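Hello,

Here is the structure I promised to pass on to you. Have a look at it first, and then read on for what turned up.

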There are 2 protein chains.
Amino acid sequence: MNPAKTSGSERPYHHGDLRRAILGAALDVIAAEGPSAVSLRDLARRAGVSHAAPAHHFKDRVGLLTAIAAEGFGLLATALDAADDLRDAGVRYVRFARENPAHFQVMFSPELLRENDLELTTARTLAGVRLRAAVSALPSEGRGPDTRLAGIAAWSLAHGFATLLISHNLDGQVGDEDPDEVFHALTGMLFRPQQP
Amino acid sequence: MNPAKTSGSERPYHHGDLRRAILGAALDVIAAEGPSAVSLRDLARRAGVSHAAPAHHFKDRVGLLTAIAAEGFGLLATALDAADDLRDAGVRYVRFARENPAHFQVMFSPELLRENDLELTTARTLAGVRLRAAVSALPSEGRGPDTRLAGIAAWSLAHGFATLLISHNLDGQVGDEDPDEVFHALTGMLFRPQQP
DNA sequence: GGGCAATCTTGTCAGTGTCAAGTTGTGGAG
DNA sequence: CTCCACAACTTGACACTGACAAGATTGCCC
């Protein structure tokens with residue numbers, strides 16, 4: 001009495017992993033046309049379910065985007081965790097943005113998110129801890145007198161480069177070079193050994 | 001025979017400056033709730049006109065946002081024009097973003113814009129010229145060996161700081177300090193006099 | 001004064017988010 | 001094995017939106 005849970009041509013009443021399917025479709029749409037182009041009904045159609053099915057997993061359109069942002073901060077945190085110094089962390093930050101442009105866009109669009117969501121805030125906090133750890137791992141000679149300023153500078157440089165990159169504002173300047181290497185060179189200008 | 005063009009309580013058939021009114025209302029909405037919250041019908045209501053009136057000035061929702069972006073690039077270009085060196089240009093860039101967050105957000109959201117719009121492309125090109133002029137005005141000792149890299153670094157730092165600032169991601173780190181001064185300090189870390 | 005183009009209105013249609021209520025499957029307790 | 005509570009999904013409805021077409025009003029220029 002189990003009519004084709006995963007193989008049948010007649011779609012079963014229960015999707016199996018609708019939550020993941022909706023997330024995946026949403027990420028595709030966002031990467032292609034931006035967050036404003038996601039429509040719950042459209043995602044439902046792509047997954048082959050009724051128009052109100054997504055609401056059961058995400059409650060809201062805002063809930064869906066919040067889930068994406070939380071997932072993104074989690075992915076970013078693990079990416080940064082594997083970095084062995086600040087420069088590497090910056091490269092990983094930029095690479096994360098390039099490989100997960102949909103997540104990245106949503107993560108930094110607070111007006112699209114439920115800011116008091118628990119999963120979101122914990123994931124974001126964890127990513128923040130990883131970022132600060134990378135900064136404080138910098139030897140003090142390279143970091144300058146003010147650790148806090150160094151952190152802001154590093155984050156700004158990486159975030160700005162990543163943002164301009166995925167919005168295609170650097171296409172003319174970077175060309176077909178490897179963005180990782182370009183950013184690697186950039187970090188060399190920021191934290192130079194300074195003399196007294 | 002001019003029944004109360006600006007003073008009458010009965011609103012006249014012709015608004016007077018509907019285009020500007022719509023733009024202003026849209027900027028308010030975007031600054032408060034982001035670009036996805038703008039609704040042509042809502043803007044029409046705020047201006048006291050019928051729901052289809054905005055279409056006559058902007059054609060589209062995309063047309064409205066494109067007009068905002070074009071205006072933004074124009075404002076940015078004139079702001080940068082008054083800068084006397086690269087550091088000042090950076091400070092002005094950040095200040096522009098802080099004082100015109102709605103423009104800034106829309107300017108760098110290509111998926112919301114009509115990319116082949118003439119006014120947009122010319123305004124954006126002009127702003128790009130101003131940016132490059134500021135970079136090449138840097139004395140070569142401070143700029144490093146690669147002018148192109150220096151430009152990318154400067155733009156990334158300013159853009160990243162501005163973006164993180166207006167998305168309230170630096171609230172904890174900057175506190176109630178003057179963002180201009182914080183950014184001024186940041187630029188000091190980027191272009192240091194380098195030794196051989 | 002007469003037309004004419006710009007400006008604005010009214011009406012309509014398909015599409016969307018969200019809520020409420022019903023339907024179907026699932027897994028676990030007895 | 002049965003039954004029942006709950007999770008997953010559907011159906012239906014409502015208000016709202018963007019876009020288009022067709023008509024009304026106004027100012028302007030000759």
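**Helix 9 of chain A**

I will begin with a helix cap: Asp146(A) caps the N-terminal end of helix 9 of chain A, where a side-chain oxygen lies 3.0 Å from the backbone nitrogen of Arg148(A). Please keep in mind throughout that this is a predicted model. The helix has 20 residues, which should span 28 Å at 1.5 Å a residue, and its end C-alpha atoms are 29 Å apart, in agreement with that. Helix 9 of chain A is also mostly covered, with 17 of its 20 residues buried. Just after this helix, His168(A) takes a positive phi of about 60°.

As for chain A overall, it has 11 helices and 0 strands, so to speak in the pattern α-α-α-α-α-α-α-α-α-α-α when read along the sequence. Of its 196 residues, 46% count as buried.

**Aromatic pairs**

How many aromatic pairs are there over all chains? The count comes to 8. One of them is formed by Phe73(A) and Phe108(A), an edge-to-face pair with 5.9 Å centre to centre and 65° between the planes. The angle is over 60°, which is why the pair counts as edge-to-face. Phe73(A) lies in helix 4 (residues 61-81) of chain A, while Phe108(A) sits in the loop between helix 6 (101-107) and helix 7 (118-136) of that chain, so the pair ties together parts that are 35 residues apart in sequence. Both Phe73(A) and Phe108(A) are buried.

Chain B has a pair to go with this. Phe73(B) and Phe108(B) are edge-to-face, at 5.9 Å centre to centre and 65° between the planes. Here Phe73(B) belongs to helix 4 (residues 61-81) of chain B and Phe108(B) to the loop between helix 6 (101-107) and helix 7 (118-136) of chain B, so parts 35 residues apart in sequence are tied together by the pair. Phe73(B) is buried, and so is Phe108(B).

Back in chain A, Phe73(A) and Phe108(A) belong to one aromatic cluster with Tyr93(A) and Phe104(A).

**Helix 7 and helix 6 of chain B**

At the start of helix 7 of chain B, a side-chain oxygen of Asp117(B) reaches to within 3.1 Å of the backbone nitrogen of Glu119(B). The helix has 19 residues and reaches 27 Å from its first C-alpha to its last, close to the 27 Å expected at 1.5 Å a residue. Which residues of helix 7 of chain B are buried? They are Leu120(B), Ala123(B), Ala127(B), Gly128(B), Ala134(B) and Val135(B). Seen down the helix axis, these buried residues fall within an arc of 140°, so they line one face of the helix. An α-helix has 3.6 residues a turn, so residues three or four places apart point the same way.

In helix 6 of chain B you will find His103(B). It counts as buried, at 5% relative accessibility. The side chain of His103(B) makes a polar contact of 2.6 Å with the side chain of Glu71(B).

**Some loop residues of chain B**

Lys59(B) lies in the loop between helix 3 (53-58) and helix 4 of chain B. Although Lys59(B) is not a glycine, it has a positive phi of about 70°. Is this residue buried or exposed? Lys59(B) is exposed, with a relative accessible area of 67%.

His168(B) is found in the loop between helix 9 (147-166) and helix 10 (171-174) of chain B. Its phi is near 60°, again a positive value in a residue other than glycine. His168(B) counts as exposed, at 55% relative accessibility.

Pro139(B) belongs to the loop between helix 7 and helix 8 (140-143) of chain B, and it is partly exposed, with a relative accessible area of 43%. The C-alpha atoms of Pro139(B) and Asp85(B) are separated by 9.8 Å, and the two residues are 54 residues apart along the chain.

**The largest pocket**

Finally, the largest pocket has a volume of about 1100 Å³. It is lined by 48 residues, and the closest to its centre are Phe108(A), Ser109(A), Glu111(A), Gln105(B) and Ser109(B). The elements that give two or more residues to the lining are helix 1 (18-33), helix 6 and helix 9 (147-166) of chain A, together with helix 1 (18-33), helix 6, helix 9 and helix 10 of chain B.

Best wishes

Conventions. Residues numbered from 1 in each chain as written. Chains lettered and ligands numbered in written order. Predicted model: local features only at pLDDT ≥ 70, side-chain atom pairs only at ≥ 80, totals over all residues. Heavy atoms only, no water. Phe/Tyr/Trp six-rings, centres within 6.5 Å; stacked < 30°, edge-to-face > 60°. Helix = DSSP H or I, 4+ residues; strand = E, 2+ residues; numbered from the N terminus. Buried < 20%, exposed > 50% of the residue type's maximum accessible area, 1.4 Å probe, protein only. Expected span 1.5 Å × (residues − 1). Arc of directions from axis to C-beta. Polar contact = N/O pair within 3.5 Å; in protein donor to acceptor, adjacent residues only side chain to side chain. 1 Å grid on protein atoms, 1.4 Å probe; cavity = no way out; pocket = protein on both sides within 12 Å on 5 of 7 lines; lining within 4 Å. Points joined across faces, edges and corners; volume = space filled by probe spheres on them.
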